[in-house]
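Visitor: I'm new to this one. Could you walk me through how to read it, one feature at a time?

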Amino acid sequence: MPRSSEHSAPPVGALLRRHPHAGEPLSCVPVTEGLLNRGYRLATTRGRYFLKQHLDAPTADRATITRQHRATQRLHALGLPVAPPLPDSRGRTVAVIDGRCYALHPWVEGRHRDGAQLTTGGSRRLGALLGRVHTTLDRVMEPPPPGDRHDSARPEDTFRDIAELIRLARAHRPHGSFDALAEHRLRERRRLLAQHAHRRPPAPAAAGWVHGDFHPLNLLYRGAEPAAIVDWDRLGVRPRAEEAVRAAAIFFVRPGGELALEKVRAYARAYRRAAGADGTELAAAVHRVWWERLNDFWTLRWRYQLNDRRADPQFPAVSALAVWWTREYDAVRDAFST
């Protein structure tokens, strides 16, 4: 479940006692970006750090975080732009204090850049970077376990979800323009899904290790070059090409819900070269991610079922993209696969 947006002070003193090399605390300021965990910019007498509090229940246990940390340490050793955690005086990278897990990372100067801020060359570098991430993860992680299926959404389940979300949107008070747009998009999606229900894709044939949440808020740039890929909480085994498509659909979506297809094409060609993937694999991934978008309403679930509005600003473009993608299906597939 998404966390509350309220911040409580982290146990900086207890944490820094485990990291005596980090100095004495001067300030600790919440970082506003991020939806699932909490981050702080920590200044001390010896420098600046990023303090992360792990709260997202599926990934907030010590063993899972330690696995992520080991992966980033290995990736860093092989030249990937990541910011591994700093070990404490006993060599541990996860601190459990009052039942919460924390990690201290070096502070990375940089800025987030979305697709609108990337040139065609920058789009190519982004695709090549993600391809390197996937191939390097193959080198540093254990072989993926066999037989893990990733079945696609079932239309009958989605129709029930749509009916429930329409009911909640209609009953929401005060009923505003967002709620009216939500009702409109839900009915529109119900019509589209009825037209395309026969196109449900089969489970993918193979999966590999992926970052799991590769998007603009998890990539820092210094100038035109990526400085650090952050937030490895969703590291896991999933179809690799789908992560490439899903990331592009976030980086290169325009406010009106269209994809910048020329940048997508440059990105996808670079990704295919770096990852050793072919056009057929990317075309199949496009179909599965399109289907996922057609059946997914996570922003509305947050608002109406979890009473969490932090994802509301993403809804207009996300909901419009599913409609545009359906209309321009062939052009999107070709941009990724040719």
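Guide: Happy to. Keep in mind that this is a predicted model. Let's start with one pair of residues: Gly39 stands opposite Lys52, which belongs to S3.

Visitor: What joins S2 to S3, and which way do the two strands run?

Guide: To read a pair of strands, look for the bridges and the directions. Here 7 bridges join S2, residues 38–44, to S3, residues 47–54, and the two run antiparallel.

Visitor: In what order do the strands of the sheet come?

Guide: Read a sheet from one side to the other, strand by strand. This open sheet has 5 strands in the order S1-S2-S3-S5-S4, with antiparallel pairing. S1 (25–30) and S4 (95–97) are at the edges and have a single partner strand each, so one side of each lacks a neighbour in the sheet. From one strand to the next, the twist averages 30°.

Visitor: Which helix lies across S3, S4 and S5?

Guide: For a helix on a sheet, ask which strands it crosses and at what angle. That helix is H2, residues 62–77, and it runs at about 15° to S5, residues 100–106.

Visitor: Back to Lys52: is it buried or exposed?

Guide: For this, compare the relative accessible area with the cut-off: under 20% is buried. Lys52 has 9%, so it counts as buried.

Visitor: What does Lys52 touch?

Guide: Skip residues up to four places away in sequence, and see what remains. Lys52 then touches Asn37, Arg38, Cys101, Tyr102, Ala103, His105, Asp231 and Asp233. Take Asp231: it is 179 residues from Lys52 in sequence, yet their C-alpha atoms are 9.4 Å apart in space. The side chains of Lys52 and Asp231 also make a polar contact, at 3.2 Å.

Visitor: Can I try that reading on Thr158?

Guide: Sure. Thr158 sits in helix H4, residues 155–171. Its relative accessibility is 3%, so Thr158 is buried as well. Apart from neighbours within four places in sequence, Thr158 is in contact with Ala153, Leu193, Asn295 and Phe297. Thr158 and Phe297 are 139 residues apart along the chain, with 9.2 Å between their C-alpha atoms.

Visitor: And pockets? Which helix gives the most to the lining of the second largest pocket?

Guide: With a pocket, look at the space inside and then at the residues around it. The second largest pocket holds about 200 Å³ of space. H8 gives the most to its lining, with 3 residues. Both H6 (240–251) and H8 (279–295) supply at least two lining residues. The lining residues include Pro204, Gly208, Arg240, Glu281 and Arg288.

Notes. Residues numbered from 1 in each chain as written. Predicted model: local features only at pLDDT ≥ 70, side-chain atom pairs only at ≥ 80, totals over all residues. Heavy atoms only, no water. Pairing = 2+ DSSP bridges. Helix = DSSP H or I, 4+ residues; strand = E, 2+ residues; numbered from the N terminus. Axes fitted to C-alpha atoms, helices over the stretch in contact; angles between N-to-C directions. Contact = heavy atoms within 4.5 Å. Buried < 20%, exposed > 50% of the residue type's maximum accessible area, 1.4 Å probe, protein only. Polar contact = N/O pair within 3.5 Å; in protein donor to acceptor, adjacent residues only side chain to side chain. 1 Å grid on protein atoms, 1.4 Å probe; cavity = no way out; pocket = protein on both sides within 12 Å on 5 of 7 lines; lining within 4 Å. Points joined across faces, edges and corners; volume = space filled by probe spheres on them.
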